[in-house]
Amino acid sequence: MPLIDLEIPGLPRRSGKVREVFDLGDRLLMVATDRISAFDWILPTPIPDKGRVLTGLTGFWLSRLDVVNHLISFDIDDARLDLPQALRDELVGRSMIVRKARVIPYECVVRGYLAGSGWKEYARSGTVCSEPLVEGLLESSEIDPPIFTPATKAETGHDENVSFDQMASSVGGELADELRSASLEIYASASRIARDRGIILADTKFEWGLDERTGELLLIDEVLTPDSSRYWSLERYEPGGPQPSYDKQYVRDWLESTSWDKSSPPPPLPDDVVARTRTKYVDAFEILTGTRFPWG
């Protein structure tokens, strides 16, 4: 059964769009549910096993990227909780035990290709997040070199694009420079790895925090998943229009085809949209990791 909501008796909980975060005292337990969001709404229909795809891919990337991060363990037993077997089984494969960090309130977005809101802005003004790009680019064209476009981080509602200078004035110039250089470096490394597996990493967003005890900069939350990234097939890539993707763009496209006004609760997803979306997430996992998805 898909995991939509979760409580662990006795543990304080904070809910995000997808994750439930439980306070273990000196650490946190982050659990990825099967909820899916689009257009700033949590949809009423979950995608089975989506949380396990997100957690599994985060583990894949953290094992291959040279970056200090908040991960302690993926093993739910390391949480040292007395859990009923049924609850423990629900948590397996979708849980991360992590260091506590003071979250930096900006999404660190890196764009290597012109898509989504970036393409719409470029078509209007020749800019992406107010940063000028060369003339003559098409939808899905490569942006060379990739650009760093921060956004405010919202637990609910809409993230807002901001300039690098705005972020720097908020967090300090030195930290802003470090966030930009680290995000671009990770994107470059991940892009090479993904391309070797036949996948284009078109864009992604990173979240960072400062270790509560040491102040060390840590990469936090999910990393390079189909929820936080736009993945395309290298073989089928052709600039000049939207690309087939391994992410939730299929859900967005279906919602756009309905009469939903995006200001009232969204409609439930049809069974075929749910099944197709699950397949896209699982395909991303299997192609990137080179292993079979171990659940279902």
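In this predicted model, W208 touches V67, V103, I104, C108, L179, A182, S183, I186, L217, L218, L219 and I220, residues up to four places away in sequence being left out of that list. W208 belongs to the largest nonpolar core, which has 59 residues. Together with W61, F206 and L224, W208 is among the members that touch the most others in this core. Helix α5, spanning residues 173–196, supplies the largest share of the core, with 9 residues. A second core of 14 residues is separate from the first and includes L3, L83, L91 and I97. In soluble globular proteins, nonpolar side chains tend to be buried together.

**Packing of α6 and α7**

Two packed helices are described by the angle between their axes and the distance between the axes. For helix α6 (residues 249–256) and helix α7 (residues 271–289), the angle is about 155 degrees and the axes are 9 Å apart. Because angles over 145 degrees count as roughly antiparallel, α6 is roughly antiparallel to α7. On the α6 side the contact is formed by Y250, V251 and W254, and on the α7 side by V273, R276, T277 and K280. Sorted by class, this contact contains 4 nonpolar, 1 polar and 2 charged residues.

Helix α7 also contains F285. With a relative accessibility of 8%, F285 counts as buried. Beyond its neighbours up to four places away in sequence, F285 touches V53, G56 and L57, as well as G290, T291, R292, F293 and P294. The C-alpha atom of F285 is separated by 34 Å from that of S130, the two residues being 155 apart along the chain.

**Strand β14**

I200 lies in strand β14, which covers residues 199–211. Its relative accessibility of 1% places I200 among the buried residues. Leaving out residues up to four places away in sequence, I200 touches Y113, R195, R230, Y231, W232, S233, L234 and Y237. The C-alpha atoms of I200 and V31 are separated by 28 Å, with their positions 169 residues apart along the chain.

**Polar side chains in loops**

Q243 is located in the loop between β16 (229–233) and α6. Because buried means under 20% relative accessible area, Q243, with 11%, is buried. Its side chain reaches two backbone oxygens, that of E238 at 2.7 Å and that of G241 at 2.8 Å. Apart from its neighbours within four places in sequence, Q243 is in contact with S140, W232, R236, Y237 and E238.

D221 is found in the loop between β15 (217–220) and β16. This residue also counts as buried, at 13% relative accessibility. The side chain of D221 makes a polar contact with the side chain of R19 at 3.3 Å. R19 is likewise listed among the residues in contact with D221 outside four places in sequence, together with M30, T58, H70, M96 and E207.

The polar contacts of these two side chains are collected below.

| Side chain | Partner | Distance |
|---|---|---|
| Q243 | backbone oxygen of E238 | 2.7 Å |
| Q243 | backbone oxygen of G241 | 2.8 Å |
| D221 | side chain of R19 | 3.3 Å |

**Backbone geometry**

Most residues other than glycine have a negative phi, and most peptide bonds are trans. Against this background, three sites merit mention. A cis peptide bond joins D144 and P145, with omega about 0 degrees. P145 itself lies in strand β12, residues 142–148.

D40, which is not a glycine, has a positive phi near 70 degrees. D40 occupies the loop between β4 (37–38) and β5 (41–42). At a relative accessible area of 36%, D40 is partly exposed.

L224, also a residue other than glycine, has a positive phi of about 55 degrees. L224 lies in the loop between β15 and β16, the loop that also holds D221. With a relative accessible area of 0%, L224 is buried. L224 is also one of the residues that touch the most other members of the largest nonpolar core.

Conventions:
Residues are numbered from 1 along each chain as its sequence is written. This is a predicted model: local features need pLDDT of at least 70, side-chain atom pairs count only at pLDDT 80 or more; totals for chains, interfaces and linings use all residues. Side-chain values use heavy atoms; hydrogens and water are left out. A nonpolar core is a set of buried Ala, Val, Leu, Ile, Met, Phe, Trp, Tyr and Cys residues joined through side-chain atoms within 4.5 Å. Buried means under 20% relative accessible area, exposed over 50%, partly exposed in between (1.4 Å probe, protein chains only). Helices (H or I, at least four residues) and strands (E, at least two) are DSSP runs, numbered from the N terminus. Contact means heavy atoms within 4.5 Å. Axes are lines fitted to C-alpha atoms, for helices over the stretch in contact, and angles run from 0 to 180 degrees between N-to-C directions. Angles under 35 degrees count as roughly parallel, over 145 as roughly antiparallel, 65 to 115 as roughly perpendicular and the rest as oblique. Ala, Val, Leu, Ile, Met, Phe, Trp, Tyr, Cys and Pro count as nonpolar, Asp, Glu, Lys and Arg as charged, and the others, Gly among them, as polar. A polar contact is a pair of N or O atoms within 3.5 Å; within protein, one must be able to donate a hydrogen and the other to accept it, and residues adjacent in sequence count only if both atoms are side-chain atoms.
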